[in-house]
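Welcome! Please have a look at the two chains below, then work through the exercises at your own pace, with a solution after each one.

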Amino acid sequence: MSFHWSFLVCAGFATAASMGLGIWTGFVEPRRRVRFGQRFLRSIQKGLKLRAPVVESYFQEVDALASMLCQKCHCPKGLVRRANLLRRVGFCGVSYELLNQAPFDFWSTRELAQFESHLEVAIRLSKKAPFLAREAKVLEWIDRPYFLHQSSEGVYFAARVLRLAFDYNLLCSTQGLDAARETVQAHRDTYDPILVDALAEVLHWNRDVSRSEALV
Amino acid sequence: MAGVGSTSLSLGRRAPILSTRIWTALGFVALAGCFFLAGVHLESWMAVLSCLAFVQARRPLRAVGIPVAASLDTLLLAPITVMSGPWIPIVIIVAAQCLRRSASEDVRKANILIGVASAAFATVGAQLVLLLWSPHESRWILATITAFSVGGVINILALQSFDRSWRKRVLSLSYDPWTSQTALASVVGLLVTSVATHLFATGYPVAGIGAMLGLLPIRPYLKAALRRNRSRNHAARLMSGMLEWSHPYTEGHVKRVANWATEVGYELGLPPHHVDDLKFAAILHDVGKVTVNEAVLDAPRKLTDEEFEHIKIHSANGATLLADLPGFERIQEWILAHHERLDGNGYPLGLSDDAIPLESKVIAVIDAFDAMTGGDKDDEKRNYRTPKSPEEAFAELDRCSGTQFDPTVVQAFRAVWRRS
């Protein structure tokens, strides 16, 4: 075998093997893991749709509002969306009958408390999946008030966005639009003033008449 | 020789993979530079290969709870075996095993035994090829491939000769060369080392070093593959956790069914990665129950037809839940069919004998057995009936063999039960 020939063989082989496997592991792998996480969360969403279709549609509203807030604040909405999907895991801890019962505004305080316990269940269960560690951290930070932790880092910001979107939707369902708006404004420092302002802009609080007035 | 599958990967703390890769590549380049400047001798190259093989044998990849295991020492030892005989590989294997802190005494002894036998047979095979093919130019490539293959076969045969439960418990490994990842890594690695050996033996050592660069991505590739398996494992744990939360009875039930299914899978002669999938399917066979009303599932009475219809959706819903998840494709088919009967009276599709996957039949038998007997604790018994003794449950399984359950599976389960 001549030197040139063998050199070509080994160089070609080494390049092909390094490129193929290197690209496969170095570049494709992280994306594959994120894709796996996303597909897993979509499966969970499918499960919730089958278990409690009404609550799922409510969560889609939260998703939509959170996306609008993210867009307004120029923050990536992927993490927020994935964390909100992971939150659905907690509904296995809420009774089937409650989830498929009357809408939120007819729930008693006890039932509402049971419903809200889903977050705790989701946090505990999400510890079983380290590949969703970032999303789990968002859930852990949801209940912490802004004035205590003012970090603008992705995870904490995502937690605040989710909290505001979720609470606002729940308040709208249980207390009505005006009361929800007032409550959110009254707790600006708890939710994050920047986000509350963004919510006001997104929902045109300052310009338009409220939907309830319009309905009247 | 310790074999691609001789050891196994603990990823407790994530290593900075990228920087490790860069440093390894730089090390290779520096090595090639030194060789180029100082002149390459076969002995110095063998010394380098030996060091690399020693490091690999000391740091094997091990998948916790997953029967995919890999170590690159075989690939690195194959050229040494071809060029210098069995002694250097034997010394490396013994030294690496003696210095392994995490391994127990039994594991070390077993690995040394297997490694020495593999190295000896690999040398014989390689020397025979060199003798028979002596005038042929490709003899080095063929000899390396032979050394690797013979070593691998001896490795597998030696592992198979151990009692399976002992192998699983003490060695905590199961060699599985047929998963796509280990097969690809073995083939690419073997071709690379063969070409490199050829180049070294025919006097082109620098080109040989270049060829060996092809080995660099193999370890990260296997690591990534194992990490993917871990993600799948975690996803299954989370889903199973959801089920346990909504229906606490299932916790013990799922574990028992998974344990027995694994044993029965081995008893039926399924390959390890297949048994691993079967275990996942058993863990998740009732995952569709998260979509079912707990009040109906836990009702301490006979269910009405309507309630029974509601419960029957769980197998289809479980399959729907897993439908889009990578790595769960086969499993969801098995879950879908785990309430089918041989006579076609099962649900949801009404499949009959041949159309029902074997894995679904295994889960069906063990699921029924566990439903009849319940666990050891009181809260693990079904609410709506008194539990049966194992003998009564087996009598029931026998009675339904051929109509509801597969007789072969029932027999395998009985054999496993007796042994336990």
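Helices and strands here are DSSP runs, with at least four residues for a helix and at least two for a strand, numbered from the N terminus. Keep in mind throughout that this is a predicted model.

**Exercise 1. Find the loop of B:Pro348, and describe the peptide bond from B:Tyr347 to B:Pro348.**

Step 1: Go to chain B and look between H15 and H16; the loop there holds B:Pro348.

Step 2: Now check the bond that leads into this proline. From B:Tyr347 to B:Pro348 the peptide bond is cis, and its omega is near 10°.

**Exercise 2. How many helices and strands does each chain have?**

Step 1: For chain B, the count is 18 helices and two strands.

Step 2: Chain A has 12 helices and zero strands. Read from the N terminus, its elements run α-α-α-α-α-α-α-α-α-α-α-α.

Step 3: Add the burial of each chain to the picture. In chain B, 49% of the 420 residues are buried. In chain A, 34% of the 216 residues count as buried.

Step 4: Look at how chain A's contacts are spread along its sequence. Of the contacts between residues at least 6 apart, 68% join residues at least 24 apart.

**Exercise 3. What span is expected for H12 of chain B at 1.5 Å a residue, and how many of its residues are buried?**

Step 1: Locate H12(B) at residues 272-284.

Step 2: Compare the spans. The 13 residues of H12(B) should span 18 Å at 1.5 Å a residue, and the end C-alpha atoms are 18 Å apart, so the two agree.

Step 3: Turn to burial, where a residue counts as buried if 20 or more other C-beta atoms lie within 10 Å of its own. By that test, 12 of the 13 residues of H12(B) are buried, so the helix is mostly covered. Among them are B:His274, B:Asp276, B:Lys279 and B:Phe280.

Step 4: Ask what does the covering. The elements that cover the buried residues of H12(B) include H10 (218-246), H11, H14 (305-322), H15 (329-336) and H16 of chain B.

**Exercise 4. At what angle do the axes of H12(B) and H16(B) cross, and which residues make the contact?**

Step 1: Find H16(B) at residues 358-373; its axis and that of H12(B) come within 10 Å and cross at roughly 50°.

Step 2: Classify the angle. H12(B) is therefore oblique to H16(B).

Step 3: List the contact residues. H12(B) brings B:Leu278, B:Ala281 and B:Ala282, while H16(B) brings B:Glu359, B:Val362 and B:Ile363.

Step 4: Connect this to the helix itself. An α-helix has 3.6 residues a turn, so residues three or four places apart point the same way.

Step 5: Finish with the hand of the crossing of H12(B) and H16(B), which is right-handed.

**Exercise 5. How far does H11 of chain B reach, and what follows it?**

Step 1: H11(B) takes in residues 250-267, 18 residues in total. From its first C-alpha to its last it reaches 25 Å, close to the 26 Å expected at 1.5 Å a residue.

Step 2: H11(B) is mostly covered, with 13 of its 18 residues buried.

Step 3: Just after H11(B) comes B:Gly269, which has a positive phi of about 80°.

**Exercise 6. Are A:His74 and A:Asp192 buried or exposed?**

Step 1: Place A:His74 in the loop between H2 (53-73) and H3 (77-87) of chain A. Although A:His74 is not a glycine, its phi is positive, at about 55°.

Step 2: Count the surroundings of A:His74. With 6 other C-beta atoms within 10 Å, A:His74 is exposed.

Step 3: Place A:Asp192 in the loop between H10 (188-191) and H11 (193-202) of chain A. A:Asp192, also a residue other than glycine, has a positive phi near 110°.

Step 4: A:Asp192 is buried, with 24 other C-beta atoms within 10 Å.

**Exercise 7. Which element of chain A has the lowest mean pLDDT, and which the highest?**

Step 1: Begin with the chain averages. Chain A has a mean pLDDT of 80, with 76% of its residues at 70 or more. Chain B averages 77, and 77% of its residues score at least 70.

Step 2: Within chain A, H12 (residues 211-215) has the lowest mean, 47, and H6 (residues 118-126) the highest, 91. The pLDDT is below 50 over residues 209-216 of chain A, a stretch with seven contacts beyond near neighbours in sequence.

Conventions:
Residues numbered from 1 in each chain as written. Chains lettered and ligands numbered in written order. Predicted model: local features only at pLDDT ≥ 70, side-chain atom pairs only at ≥ 80, totals over all residues. Expected span 1.5 Å × (residues − 1). pLDDT = per-residue confidence, 0-100. Axes fitted to C-alpha atoms, helices over the stretch in contact; angles between N-to-C directions. Parallel < 35°, antiparallel > 145°, perpendicular 65-115°, else oblique. Left-handed = near helix turned anticlockwise from the far one by under 90°. Contact = placed C-beta atoms within 7 Å.
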